[in-house]
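This report describes a predicted model. The account begins with individual loop residues and then turns to elements, chain and interface.

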Amino acid sequence: MVKIRSKNGATILIALLFFLLCAVAGTLVLAAGTSASGRVSGLATQEQSYYSVTSAARVIMSETDGQTIDMYTVGSSQDVKYFSEPDSELKSVLETASEAIFSGDQTYADTLTIKMEDDSINSTMGTVTGKLAMDSRYNIEITLSSDAKNSYKCRVVIPAAIQDNRDGAQIKMVDEDGNETTRTETKLIWSGAEIEKVN
Amino acid sequence: MIKKSIKEKLSNRNGESLAEVMVAILVIAVGLVLLSSLVIASSRLVDKGGKKMHAIYTASSAMETHDTSMSNEQLDIVSDKVTKNATAIIPVKAYKYTNNGLSVKLISYTE
């Protein structure tokens, strides 16, 4: 009875100290466990993002590196014709971009959506988006990223080189009706493509 | 005042009642059980994390050497601006590594 009625605080002080020690120890142990677990689960997603983006970059690089285009317009017509076209699955993209620059645009921008046809593979790999930019010298830069959180990013840089000194070359010619007209020609090759990491 | 009280308690030769000792043991036991279960659960978590990390590195290594299952697939590249033949369909080889036990799955492809 005396003990129960005692107002000495030593016991509760020790109990609080013990509780505090346990709480700190518990928090440290849980924090270590949770952070390790979180880091590991995010690692697999990051690895997949790396493979999705670099795979797309390699395919784009092999589809563009070494491609040539030889195009011309006749007179004041904006209709671009070809002596030779790119031999690539990305032919339409390369031609549309080149035609825009050839017609006088300073830059050309497009967005490429890259994904596998198989849905089961696609659900693991995710969709990769490529931001394509072509400058006035026909150099191409494609920045790739996936739809994963904190996605890996890389850039495919494909320099263009003018061939036979034909960058908007003006050739005077006579058409079938005997009229003098001018043919404007550009011939180029994309080569020396590189993949760079984007931070 | 507090120092004096603790000193008195330490030099006090009076014992505690059985009920008080049992309650104290109960409190300590509950505390120890909670702490030990915390340590065991966390240790399992860390162990599982280590295994998963090892599986991811194994998967990554297999992807680099293409020591995985391979299948012929098709890749679609769709342009936003191109109007004619906007979708390029490219045949690719897909390399797939799966570890079902640890839910690790990595896929890459090349032309």
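B:His66 counts as exposed because 12 C-beta neighbours lie inside 10 Å, and a residue with 12 or fewer is classed in that way. The residue sits in the loop between α2 and β1 of chain B. Although B:His66 is not a glycine, its phi is positive, at about 60°.

B:Ser103 is likewise not a glycine and has a positive phi, about 55°. Its place is the loop between β2 (87-99) and β3 (104-110) of chain B. With 11 other C-beta atoms within 10 Å, B:Ser103 is exposed.

B:Ser60 belongs to helix α2 (residues 18-65) of chain B. This residue counts as partly exposed, because it has 17 C-beta neighbours inside 10 Å, which falls between the limits of 12 or fewer for exposed and 20 or more for buried. Leaving aside residues up to four places away in sequence, B:Ser60 touches A:Glu47 and B:Leu106. From B:Ser60 to B:Pro91 there are 31 residues in sequence and 23 Å in space, C-alpha to C-alpha.

The table gathers the C-beta neighbour counts of these three residues.

| Residue | C-beta neighbours within 10 Å | Class |
|---|---|---|
| B:Ser60 | 17 neighbours | partly exposed |
| B:His66 | 12 neighbours | exposed |
| B:Ser103 | 11 neighbours | exposed |

**Chain A**

Chain A contains four helices and nine strands. Along the sequence they occur in the pattern α-α-β-β-α-β-α-β-β-β-β-β-β. What radius of gyration does chain A have, set against a compact globule of 199 residues? The value for chain A is 32 Å, whereas such a globule would have one near 16 Å. The C-alpha trace of chain A spans about 125 × 30 × 25 Å along its principal axes. Of its 199 residues, 27% count as buried. Among contacts in chain A between residues at least 6 apart in sequence, 55% join residues at least 24 apart.

Helix α3 of chain A is mostly covered, with nine of its 12 residues buried. Among the buried residues are A:Leu94, A:Ile101 and A:Phe102, and also A:Glu95. At 1.5 Å a residue, the 12 residues of α3(A) should span 16 Å, and the end C-alpha atoms are indeed 16 Å apart, so the two values agree. After α3(A) comes A:Gly104, with a positive phi near 120°.

**Interface and core**

The contact between the chains takes 39 residues from chain A and 42 residues from chain B. On the chain A side, α2, α3 (91-102), β3 (108-116) and α4 (119-125) each supply at least two residues. The most comes from α2(A), with 21 residues. By class, this side of chain A has 19 nonpolar, 12 polar and eight charged residues. Strand β3(A) is also joined by five bridges to strand β1 (residues 69-79) of chain B, and the two run antiparallel. Within β1(B), B:Leu75 is the bridge partner of A:Met116.

B:Leu75 appears again in the largest nonpolar core, which has 50 residues; A:Val53, A:Ala56, A:Met134, A:Leu144, A:Val156, B:Leu75 and B:Leu106 touch the most other members. Helix α2 (residues 10-64) of chain A provides the largest share of this core, eight residues. Which residues does A:Leu144 touch, not counting residues up to four places away in sequence? They are A:Val53, A:Ala56, A:Ala57, A:Val128, A:Gly130, A:Lys153, A:Cys154 and A:Val156.

Technical notes
Residues are numbered from 1 along each chain as its sequence is written. Chains are lettered from A and ligands numbered from 1 in the order in which they are written. This is a predicted model: local features need pLDDT of at least 70, side-chain atom pairs count only at pLDDT 80 or more; totals for chains, interfaces and linings use all residues. A nonpolar core is a set of buried Ala, Val, Leu, Ile, Met, Phe, Trp, Tyr and Cys residues joined through C-beta atoms within 7 Å. Two residues are in contact if their C-beta atoms, placed from the backbone, lie within 7 Å. The radius of gyration is taken over C-alpha atoms; the globule rule is 2.2 Å times the number of residues to the power 0.38. Ala, Val, Leu, Ile, Met, Phe, Trp, Tyr, Cys and Pro count as nonpolar, Asp, Glu, Lys and Arg as charged, and the others, Gly among them, as polar. Two strands pair if DSSP finds at least two bridges between them. The expected span of a helix is 1.5 Å times one less than its number of residues.
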